[in-house]
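Trainee: Could you take me through one part of this model slowly, with the contacts and the charged pairs kept in view together?

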Amino acid sequence: MDLLDSIVAIIGILQFVCIIVVIVLFIQWFRRAYGNLIKLNIPMEYSENTAVWGYFIPFLNWVRPIRTVKEIYIKTQEAIKTYQESLLIDRNIGFILVWWIAYLINGVIGNVASKFIERADTIEKYVEANKIYIFSDIWDILSIALAILVIQKISKLESTLKNTDKSKSLIDQIGSTEVF
């Protein structure tokens with residue numbers, strides 16, 4: 001049992017570090033993508049910093065992220081359309097909605113799993129709590145995979161914009177995660 005506790009603790013620490021790295025990389029990508037549209041003088045709903053802070057302010061972080069990612073997706077297409085008039089703008093944000101719902105559910109499942117682990121006072125309860133925690137980890141991976149799909153879809157649009165925009169020098173680091 002002690003060995004299992006040690007293994008679970010080590011895996012928990014590694015998982016925490018990985019999640020922090022993923023969050024940092026996602027926020028860097030998001031800030032760059034949002035900021036590039038601002039640099040192209042495309043009217044955006046928020047400033048670059050205000051858009052990023054929307055991920056961290058309680059209650060606001062339930063709605064602002066999906067709104068700003070949707071804004072990046074639609075406005076990047078609209079910017080491309082100024083150069084490629086035949087482009088049909090895809091306003092279907094279902095893939096963004098699925099990612100965001102999975103992310104929100106992930107938070108709920110993670111909290112439930114943590115509560116079960118905290119309340120486990122017998123081996124049977126600990127085993128059951130770990131099953132919920134494993135399900136939480138699987139859902140976590142699903143949520144991250146969906147975020148990667150969103151990033152890939154938007155990054156393809158950004159690359160198209162960079163290749164069609166006459167002011168390419170204003171568009172920084174397409175496809176990278178470096179902060180301005």
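What follows is a close look at one helix pairing and at some of the salt bridges.

Trainee: Please look closely at helix α1: how does helix α1 cross helix α5, and with which residue does Arg31 form a salt bridge?

Mentor: Since this is a predicted model, everything below is computed from its coordinates. Helix α1, residues 2-39, and helix α5, residues 123-164, have axes that come within 11 Å and cross at roughly 20°. Because angles under 35 degrees count as roughly parallel, α1 is roughly parallel to α5, and the crossing in which α1 passes α5 is left-handed. On the α1 side the residues in contact include Leu4, Val8, Ile19, Val22, Phe26, Trp29 and Leu37, together with Asp5, Gln15 and Arg32, while the α5 side includes Tyr126, Ile144, Ile151, Ile154 and Leu161, along with Asp137, Asp140, Ser155 and Glu158. Sorted by class, this contact of α1 with α5 has 13 nonpolar residues, two polar and five charged.

Helix α1 also takes part in a charged pair: Arg31 forms a salt bridge with Glu48, and their closest N and O atoms are 2.9 Å apart. This pair links distant parts of the chain, with Arg31 in helix α1 and Glu48 in helix α2 (residues 48-53), 17 residues apart. The two partners can be described by their accessibility: Arg31, with a relative accessible area of 26%, is partly exposed, whereas Glu48, with 17%, is buried, because buried means under 20% relative accessible area. In general, side chains of opposite charge can pair when their charged atoms come close.

The structure holds seven salt bridges, and two that involve helix α3 may be set beside the one just described. Within helix α3 (residues 64-81), Glu71 and Lys75 lie four residues apart, about one turn of the helix, and their side chains meet in a salt bridge with an N to O distance of 3.3 Å; Glu71 is buried, at a relative accessible area of 8%. Arg91 forms a salt bridge with Glu78, where the closest N and O atoms are 3.3 Å apart. That pair again links distant parts of the chain, Arg91 being in the loop between α3 and α4 (94-119) and Glu78 in helix α3, 13 residues apart. Arg91 counts as exposed at 51% relative accessibility, and Glu78 is partly exposed, with a relative accessible area of 30%.

Notes. Residues numbered from 1 in each chain as written. Predicted model: local features only at pLDDT ≥ 70, side-chain atom pairs only at ≥ 80, totals over all residues. Heavy atoms only, no water. Axes fitted to C-alpha atoms, helices over the stretch in contact; angles between N-to-C directions. Helix = DSSP H or I, 4+ residues; strand = E, 2+ residues; numbered from the N terminus. Parallel < 35°, antiparallel > 145°, perpendicular 65-115°, else oblique. Left-handed = near helix turned anticlockwise from the far one by under 90°. Contact = heavy atoms within 4.5 Å. Nonpolar A, V, L, I, M, F, W, Y, C, P; charged D, E, K, R; others polar. Salt bridge = Lys/Arg side-chain N within 4 Å of Asp/Glu carboxyl O. Buried < 20%, exposed > 50% of the residue type's maximum accessible area, 1.4 Å probe, protein only.
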